[in-house]
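Thanks for coming. I will go through two helices and then say a word on cysteines.

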Amino acid sequence: MARLVFIHGAGEDHRVWDRQVGAFSSRHRVLAVDLPGRGVRSADPPLTSHEENAKDVLRQMDAVGMPEAVLIGHSMGGAVALTVALNHPHRVTGLVLVVTGARLKMNPEFLERARCRAEDPTAPKEPPVPLERTVAASVSRETLEWLRECAMTAPPHTIYADFQANNGFDVMERLGAISLLTLVVGADEDRMAPPKFSAFMAERIPGARLVMLSPSGHYPQVEQEAPFNQALADFLGTLA
């Protein structure tokens, strides 16, 4: 049995991992976190740096008695997982980086849109990045509707804080210092964290394994649930 910590992406909460929590909780000890400003922690001020988000994840691990764990981070959550792995490697037994990057500089249009929505109560409340822009062209209506319930549903000020944290994140020059077993999961139709982001990390992290899922956009754990879960199970098998 492994300890698994799932970390969500920007504007989201633990629900984006519901299908993996259901699939792996019978065999492993699972924690799907909510970072401040969303979900069960909607009253907490969101954080604007991944250094602080990483500390928050460690506090949540401490609260449930997890001295170390496999960190599984999606998009922004991958940046948080990388930050924990680089700054507190003794707390990490394995690293799974899902459609993320070593640098996450935001599209200026998305960042400005998020700022306007956060600061202007009369601004439109729809997500700053349309969901349809993030998924594969062939995604089913059922999958799209499932994602609509949990993707980019955080309050506007939380989404803006997440985007600010992403915009300031850059560990491109530090990847070679990671000595943990690492799985990098990319998606062939992802326009938010393109396949080249995943390939770069897999090349720079010593011994990292790259799995590219197809067809998939920015949510391979949902769009390609079965092969994603199999890739994660195989990786956990190598740790055992």
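A helix here is a DSSP run of H or I with at least four residues, and helices are numbered from the N terminus. One caution before the details: this is a predicted model.

I start with H2, which covers residues 50-63. Helix H2 has 14 residues and reaches 20 Å from its first C-alpha to its last, close to the 20 Å expected at 1.5 Å a residue. Its buried residues include His 50, Asn 53, Ala 54, Val 57, Leu 58 and Met 61. What do the buried residues of H2 pack against? The partners are three strands, S1 (3-7), S2 (29-32) and S3 (69-74), together with helices H3 (76-87) and H6 (156-167). Just after H2 comes Gly 65, with a positive phi of about 75 degrees.

Next is H9, residues 225-239. Helix H9 has 15 residues, and its span of 21 Å is close to the 21 Å expected. Buried in H9 are Phe 228, Asn 229, Ala 231, Leu 232, Phe 235 and Leu 236. These residues cover an arc of only 160 degrees around the axis, so they sit on the same side of H9. The general background is that an α-helix has 3.6 residues a turn, so residues three or four places apart point the same way. On the other side of H9, Ala 226 and Thr 238 are exposed.

Last, the cysteines. How many disulfides does a search of the whole structure find? The search finds zero. Cys 150 is buried, at 3% relative accessible area, while Cys 116 is partly exposed, at 30% relative accessibility.

Key: Residues are numbered from 1 along each chain as its sequence is written. This is a predicted model: local features need pLDDT of at least 70, side-chain atom pairs count only at pLDDT 80 or more; totals for chains, interfaces and linings use all residues. Side-chain values use heavy atoms; hydrogens and water are left out. Helices (H or I, at least four residues) and strands (E, at least two) are DSSP runs, numbered from the N terminus. The expected span of a helix is 1.5 Å times one less than its number of residues. Buried means under 20% relative accessible area, exposed over 50%, partly exposed in between (1.4 Å probe, protein chains only). The arc is that of the directions from the helix axis to the C-beta atoms. A disulfide is a pair of cysteine sulfur atoms within 2.5 Å. Contact means heavy atoms within 4.5 Å.
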